[in-house]
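Please work through the exercises below with the sequence and the 3D view open beside you. Try each task on your own before you read its solution.

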Amino acid sequence: MAKNTNDEQFKNVISHAKEYGFVFQSSEIYDGLSAVYDYGQLGAELKNNLKTYWWKAMVQLHENIVGIDSAIFMHPKVWKASGHVDGFNDPMIDNKDSKKRYRADQLLEDKIARYEKDGKTDKAAKLQAEMDDALKAEDLQQLKTLIEQHEIACPVSGTKNWTEVRQFNLMFSTQFGAMAEGSEEVYLRPETAQGIFVNFLNVQKSGRMKIPFGIAQIGKAFRNEVIARQFIMRMREFEQMEMQFFVRPGEDKKWFAYWKEARLKWHLALGTPAEKYRYHDHVKLAHYANAATDIEFEFPFGFKEVEGIHSRTDFDLSQHQEYSGKKMQYFDNDLDETGKPYGNYVPYVIETSIGLDRMFLLTLINAFEEQDLSEGDKQDSRTLLRLHPCLAPYKVAIFPLTKKDGLPEKARAIMDNLKLDFNCIYEEKDAIGKRYRRQDAIGTPFCVTVDHQTLEDDTVTIRHRDTMEQQRIEIKHLDELIASKTSWKTLFCKD
Ligand code: ATP
């Protein structure tokens with residue numbers, strides 16, 4: 001698809017998200033707060049459904065994975081131990097004319113993408129390799145040299161008048177205690193993972209967990225991103241769904257491969273075309289990792305990371321052992337090949353970490369479709385959110401054909417029954433056609449219309465969102481039909 005079409009499609013998704021109550025800018029009446037967003041009435045439903053899908057797939061379907069909910073505030077030493085105080089930096093560069101700040105690696109990434117678009121693949125590959133080397137060596141001077149060599153200009157001022165590249169820490173800090181003076185500096189967690197690591201022994205002992213086992217968590221994380229762009233793609237306050245899987249040392253490679261595959265399967269079960277996804281193996285590994293892969297999705301602005309699978313070795317637990325002075329070991333009484341118990345060790349960890357907001361954005365983009373329904377001279381169109389029925393904010397909309405003759409009462413009675421199992425919406429305003437269009441635009445898979453025949457024989461029409469087909473069925477079969485498409489089983493019983 002041409003770039004303009006992609007840009008336009010992305011803009012349409014953003015305005016659709018606002019118009020129908022999925023996502024609003026934070027503090028909009030005060031002109032917003034940069035890179036902070038609020039989820040509206042439908043956004044909250046979709047987000048909850050994504051969380052449920054993840055939680056069920058990870059916790060409910062794995063006997064050896066349990067979920068926790070740890071606090072956002074943690075002891076400041078946690079972030080010393082994890083390496084975030086000293087190492088959670090991005091290389092930044094400022095343009096002296098526009099005074100705008102950029103991530104040096106992202107300026108280079110954008111250039112690489114432009115070379116690729118222009119068919120200069122050799123140039124793109126060379127720059128990619130040089131940038132990866134510079135990042136790996138943390139050679140800030142070399143990053144600056146590459147920006148100069150490739151004549152990268154500031155998108156705002158258009159000049160190449162750059163400062164040196166500097167490191168910038170991404171953690172937000174605040175004061176603990178009533179008074180700023182004498183109080184302790186604490187951080188808003190930049191990842192949820194550390195809440196899992198510090199609770200590793202609590203969970204293992206209280207849950208009598210045996211290695212290999214996992215601890216999952218969904219929660220907010222905060223990063224002072226310098227460049228916040230692309231709507232909810234890069235936010236300063238966002239949500240992560242993370243799982244740390246504790247394994248025997250030496251078995252980390254095997255489990256890394258397992259989770260890499262399992263997590264992509266989770267994405268594909270939603271019906272997304274496989275070519276929209278790819279793996280991106282890391283060259284520059286984070287300070288804690290011995291292998292890392294991103295699961296990337298093709299957004300309208302290119303392939304970008306949605307989820308990371310990281311083999312974190314025993315780094316985090318060992319660090320906490322050292323900084324806290326408490327043992328972070330597991331006693332493994334299974335026997336090794338020589339017949340002796342494996343004994344005490346600090347487990348290795350495979351992490352799966354997905355950004356809920358990025359998953360939300362991906363889901364909206366994937367589902368959004370503007371359909372031309374014109375026939376002959378008759379112009380017609382509809383905007384459709386082709387959400388997987390399990391994710392749809394409402395599963396069913398109930399419409400009385402008219403506001404009289406007892407139809408609303410009958411419709412309400414049907415809804416009162418269905419709402420015990422499904423999130424329902426009742427609408428009696430406007431013509432039926434218009435009501436269908438509104439439900440299409442928010443992704444409701446079923447619309448049920450109550451008409452005069454309903455009063456006689458207890459049948460209704462049920463209309464299917466994607467095909468627009470209508471069928472007449474008995475009220476008593478509604479439950480079963482809706483459940484057959486919206487049950488989580490439809491996602492989990494796929495291969
Ligand atoms: P990026 O390179 O895009 O900054 P990252 O490699 O720093 O991401 P991780 O630390 O691996 O990201 O975090 C795991 C997941 O959390 C990412 O895959 C992404 O989906 C999500 N995430 C990270 N930062 C943000 C953010 N600022 N806004 C929204 N989601 C984020």
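The exercises that follow concern a predicted model, and each one has a worked solution.

**Exercise 1. Domains**

Task: Find which residues the domain assignment gives to each domain of the chain, and state what separation the centres of domain 1 and domain 3 have.

Solution: Begin with the assignment, in which domain 1 is made of two segments, 6-76 and 180-364, while domain 2 covers 89-169 and domain 3 covers 387-492. Next, take the centres over C-alpha atoms, which places those of domain 1 and domain 3 36 Å apart. Finally, look at the contact between these two domains, to which domain 1 gives 16 residues and domain 3 gives 15 residues.

**Exercise 2. A sheet and its helices**

Task: Give the strand order of the open sheet that contains strand 22, name its edge strands, and describe how helix 13 and helix 14 are placed on it.

Solution: The sheet has 5 strands, which run in the order 20-19-21-22-23 with mixed pairing. At the edges are strand 20 (424-426) and strand 23 (470-474), each of which pairs on one side only. From one strand to the next, the twist averages 25 degrees.

Now consider one pair inside the sheet: strand 21, residues 446-450, is antiparallel to strand 22, and 4 bridges join them. One detail of this pairing is that Val-448 has Ile-462 of strand 22 as its bridge partner.

Then add the helices. Helix 13 (residues 407-418) packs on the sheet and touches strand 19 (396-400), strand 20, strand 21 and strand 22, with a direction that makes about 160 degrees with that of strand 19. Helix 14 (residues 432-442) also packs on the sheet, where it touches strand 19, strand 20, strand 21, strand 22 and strand 23, and its direction makes about 170 degrees with that of strand 19.

**Exercise 3. Thr-461**

Task: Decide whether Thr-461 is buried or exposed, and list its contacts beyond four places in sequence.

Solution: First locate Thr-461, which lies in strand 22, residues 459-464. Its relative accessibility is 16%, and because buried means under 20%, Thr-461 counts as buried. Beyond four places in sequence, Thr-461 touches Cys-447, Val-448 and Thr-449, and also Gln-470, Gln-471 and Arg-472.

**Exercise 4. Gln-240**

Task: Describe the surroundings of Gln-240, including the backbone atom that its side chain reaches.

Solution: Gln-240 belongs to strand 10, which spans residues 237-247. With a relative accessibility of 5%, Gln-240 counts as buried. Its side chain reaches the backbone nitrogen of Thr-192 at 3.1 Å. Leaving aside neighbours within four places in sequence, the contacts of Gln-240 include Pro-190, Glu-191, Thr-192, Gln-217, Arg-223 and Leu-356.

**Exercise 5. Annotated positions**

Task: Take Glu-225 and Gly-355 from the "binding site" positions in UniProt, and find where Glu-225 and Gly-355 are placed.

Solution: The unreviewed UniProt entry gives the feature "binding site" at several positions, among them Arg-223, Glu-225, Val-306, Gly-355 and Leu-356. Glu-225 is in the loop between strand 9 (213-222) and strand 10, and its relative accessible area of 5% makes Glu-225 buried. Beyond four places in sequence, Glu-225 touches Asp-90, Arg-103, Leu-170, Arg-234, Met-235 and Arg-236.

Gly-355, in turn, is found in strand 16, residues 348-355, and is buried with a relative accessible area of 15%. Not counting residues up to four places away, Gly-355 touches Glu-239 and Val-306, and Val-306 is itself one of the positions listed under "binding site" in the UniProt entry.

Definitions and conventions
Residues are numbered from 1 along each chain as its sequence is written. This is a predicted model: local features need pLDDT of at least 70, side-chain atom pairs count only at pLDDT 80 or more; totals for chains, interfaces and linings use all residues. Side-chain values use heavy atoms; hydrogens and water are left out. Helices (H or I, at least four residues) and strands (E, at least two) are DSSP runs, numbered from the N terminus. Buried means under 20% relative accessible area, exposed over 50%, partly exposed in between (1.4 Å probe, protein chains only). Contact means heavy atoms within 4.5 Å. A polar contact is a pair of N or O atoms within 3.5 Å; within protein, one must be able to donate a hydrogen and the other to accept it, and residues adjacent in sequence count only if both atoms are side-chain atoms. Two strands pair if DSSP finds at least two bridges between them. Axes are lines fitted to C-alpha atoms, for helices over the stretch in contact, and angles run from 0 to 180 degrees between N-to-C directions. UniProt positions are given in the numbering used here, feature names are shortened, and annotations may be inferred rather than shown by experiment. Domain bounds come from an automatic or database domain assignment.
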